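Visitor: I'd like a quick tour of this protein, with the reasoning spelled out. Could you load it up first?

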Amino acid sequence: MPFKSSCGKLVPRLSLLLLAVCLPLLWSQSSSEHLTVGQLRKVVGKRNDAVQTHIPVTIQAGFHVNSNTPSEDYLIPLKVTWTSLGALEGAQVTFPKPSMEKFDFSDKPLSVYMGSIELTASFKVSAKAAAGPGIAVGKLMYQACSTKACYKPTTVEIDVPYQVQ
């Protein structure tokens, strides 16, 4: 049985209001918020065409991620894997040039990305592809770090919409 406050309102309503106000604050502290992937444009091509799309990535201010070619063997690289390509083939990802940054916790500069970067994904439309829409699905794996700590490795899904003409 719900309790009533001195104002006669039901306590569960107050609880729902607090939940609605506090949940966004809790979500914003999630480690997946340290990196976001922007909207990808639809890839359009005919059979056997080479096609590309850009993958916009933003790393939260005050954080960095290791590049795809980290400076040390023990560091976790930024990596894209494809789980389903549909009518696309031969997925290749080109990464931008990383910056070499010196942090207090490391003796040597580290190969990292900070701020906004853009990856380029290149595909070939299959010779046997049926005309119509589809989605290639990939995963971007990264480990976000601040100057004081690194967070657990995280994976973000990447969806590349395409249209075979």
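What follows is a short chat about the core, the disulfide and the aromatic pairs of this predicted model.

Visitor: How many residues does the largest nonpolar core have?

Guide: Strands do a lot of the supplying here: E3 (50-59), E5 (79-84), E9 (116-125), E10 (132-142) and E12 (154-164) each give at least two residues to this core. Those with the most contacts inside it are Leu35, Leu78, Leu119, Leu140 and Val160. The total size of this core is 30 residues.

Visitor: Which residues does Leu140 touch, leaving out those up to four places away in sequence?

Guide: Leu140 is one of the residues with the most contacts inside the core. Its partners include Lys79, Thr154 and Thr155. The full set is Leu35, Val37, Val57, Leu78, Lys79, Val80, Leu119, Thr154, Thr155, Val156 and Ile158.

Visitor: On to the sulfurs. Which cysteines form a disulfide, and what is the angle about the S-S bond?

Guide: The sulfur atoms of Cys145 and Cys150 sit 2.1 Å apart, which is within the 2.5 Å cut-off, so the two form a disulfide. The count for the model comes to one disulfide. The link of Cys145 and Cys150 is right-handed, with an angle about the S-S bond of 105°.

Visitor: Is Cys150 buried or partly exposed?

Guide: Its partner Cys145 has a relative accessible area of 2%, so Cys145 is buried. For Cys150 the relative accessibility is 44%, and because that falls between 20% and 50%, the label is partly exposed.

Visitor: Is the ring pair of Phe63 and Tyr151 stacked or tilted?

Guide: A search of the whole structure turns up three aromatic pairs. For Phe63 and Tyr151, the ring centres are 5.8 Å apart and the planes are at 55°; because that angle is neither under 30 degrees nor over 60, the pair is tilted.

Visitor: How many residues apart in sequence are the parts this pair ties together?

Guide: Phe63 lies in the loop between E3 and strand E4 (64-66). Tyr151 lies in the loop between strand E11 (144-145) and E12. So the pair ties together parts whose separation in sequence is 88 residues.

Visitor: And how do the rings of Phe103 and Phe105 pair?

Guide: At 10% relative accessibility Phe103 is buried, while Phe105 at 44% is partly exposed. Their ring centres are 5.3 Å apart and their planes are at 10°; because that is under 30 degrees, the pair is stacked.

Technical notes. Residues are numbered from 1 along each chain as its sequence is written. This is a predicted model: local features need pLDDT of at least 70, side-chain atom pairs count only at pLDDT 80 or more; totals for chains, interfaces and linings use all residues. Side-chain values use heavy atoms; hydrogens and water are left out. A nonpolar core is a set of buried Ala, Val, Leu, Ile, Met, Phe, Trp, Tyr and Cys residues joined through side-chain atoms within 4.5 Å. Buried means under 20% relative accessible area, exposed over 50%, partly exposed in between (1.4 Å probe, protein chains only). Helices (H or I, at least four residues) and strands (E, at least two) are DSSP runs, numbered from the N terminus. Contact means heavy atoms within 4.5 Å. Rings of Phe, Tyr and Trp (its six-membered ring) pair if their centres lie within 6.5 Å; planes under 30 degrees apart count as stacked, over 60 as edge-to-face and the rest as tilted.
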